[in-house]
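Dear colleague,

Please find the structure below, handed over for your own work. A short account of its salt bridges, one pocket and one helix comes after it.

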Amino acid sequence: MTTSLGLGLPQLRWYDLGRDVPDVARAAERIGYESLWVSERALFPEPAAQGLYGMEGVPWPDHYRSMAEPLVVLTLAAAATERARLGTSVLVAPLHVPFQLAKSLATLDAASGGRVVAGLGTGWSYEEYAASSVRPFEERGQALDEQIAVCRAVWGPDPVSYEGSLTRIASAVVGPKPARPIPILLPATSKKARRRLVDHADGWIPVGVGTETVAAQWRELRDVAAERGRTEPIPSVLRANARYSAKPYDGPDRPPFHGSVDQIVEDLAAHAAIGLDEILVDLQTRTRDAQELKDVAAEVYEKARAAGV
């Protein structure tokens, strides 16, 4: 079975958002990419109180200094395309008011003809939570649980009613509705997160950190699903944070998806062999402009398909 391929849209400061997002989206759809994706970073603390992903002493990458708001970028892409799915990998759900995020996603799905995929996560940045979260950092798991529940309620039939710790919807009509049920995808990096996914979400959205690790995570997730009696399949979309270089990476321990197009494709093939449904390739951090992003994306797609991905 061929793995679906998606492409990360340009969100960083050296891209011209109004021009480059529609341009890259149209090109990606024309090349054959089946989905378009955005990520979320709300701010860049300087100095940062914690390291990248909460790891002490690990600096935040410079490209995090400016990342465009993800749903605005997806809206630009939706208007420029016809078929490609429109995904978030991931929205930091607790940084958003639950009701408003549910309504925004529903509106985008209705406008795009049912193409939205909602990848949601809890995030890891204290500073982002201090700036915009609806609940304290320590309650991020509960905030995500309520976000999922509010989305299900708002996207469901009218009248909508919901009673939670943050959100109270007395019987109300809420529209527009999504064109179809919006799939919710979650990471699953802990046992508790895997239970949440199995019980309340549609699919899994891991990060490509190496085939052995991803394969182990996939086995653990399926074990939890069996334990909890889930019978419906768990679709998967792997995020490949590619670090493209015109020359091959010649270090002794090459990180996944680092290096030339051929090396990136080699890793795509290895991760696809795990049995993943889809891989999104994010190339934007190492391409200089939209033209290079399109050129590299086209080469990656052509060689990946030739390799059987």
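The paragraphs below set out what was found. Please bear in mind that this is a predicted model.

Salt bridges

A search of the whole structure finds 25 salt bridges. Three pairs are described here.

The side chains of arginine 85 and glutamate 278 form a salt bridge, with their closest N and O atoms 2.5 Å apart. This pair links distant parts of the chain: arginine 85 belongs to strand β3 (residues 85–88) and glutamate 278 to strand β13 (residues 278–282), and 193 residues separate them. Arginine 85 is partly exposed, at 27% relative accessibility. Glutamate 278 is buried, because its relative accessible area of 7% falls under the 20% limit for that class.

A second salt bridge joins arginine 65 to glutamate 46, at 2.7 Å from N to O. Both residues lie in the loop between β2 (35–38) and α2 (70–80), 19 residues apart. Arginine 65 has a relative accessible area of 38% and is therefore partly exposed, while glutamate 46, at 57%, counts as exposed. The two residues also take part in a network of salt bridges that links Arg13, Glu46, Asp62 and Arg65.

In the third pair, arginine 168 meets glutamate 163, and the closest N and O atoms are 3.0 Å apart. Both arginine 168 and glutamate 163 are exposed. As a general point, side chains of opposite charge can pair when their charged atoms come close.

The second largest pocket

The second largest pocket has a volume of about 190 Å³. It is lined by 14 residues, of which Arg85, Leu185, Pro235, Val237 and Glu278 are the closest to its centre. Two of these names, Arg85 and Glu278, have appeared already, as the partners of the 2.5 Å salt bridge. By class, the lining of this pocket consists of 6 nonpolar, 3 polar and 5 charged residues.

Helix α6

Which residues of helix α6 (residues 191–200) are buried? They are Ala193, Arg194, Arg196, Leu197 and Val198. The buried residues of α6 pack against α5 (140–155), β8 (184–186), β9 (203–204) and α7 (211–227). In general, an α-helix has 3.6 residues a turn, so residues three or four places apart point the same way.

To return to the pair that ties the first two topics together, Arg85 and Glu278 are among the residues closest to the centre of the second largest pocket, and they form a salt bridge with each other.

With kind regards

Definitions and conventions: Residues are numbered from 1 along each chain as its sequence is written. This is a predicted model: local features need pLDDT of at least 70, side-chain atom pairs count only at pLDDT 80 or more; totals for chains, interfaces and linings use all residues. Side-chain values use heavy atoms; hydrogens and water are left out. On a 1 Å grid over the protein atoms alone, a cavity is a set of points where a 1.4 Å probe fits but cannot get out, and a pocket is an open set with protein on both sides within 12 Å along at least five of seven lines; lining residues have an atom within 4 Å of a point. Grid points are joined across faces, edges and corners, and a volume is the space filled by probe spheres set on the points. Ala, Val, Leu, Ile, Met, Phe, Trp, Tyr, Cys and Pro count as nonpolar, Asp, Glu, Lys and Arg as charged, and the others, Gly among them, as polar. A salt bridge is a side-chain nitrogen of Lys or Arg within 4 Å of a carboxyl oxygen of Asp or Glu. Helices (H or I, at least four residues) and strands (E, at least two) are DSSP runs, numbered from the N terminus. Buried means under 20% relative accessible area, exposed over 50%, partly exposed in between (1.4 Å probe, protein chains only). Contact means heavy atoms within 4.5 Å.
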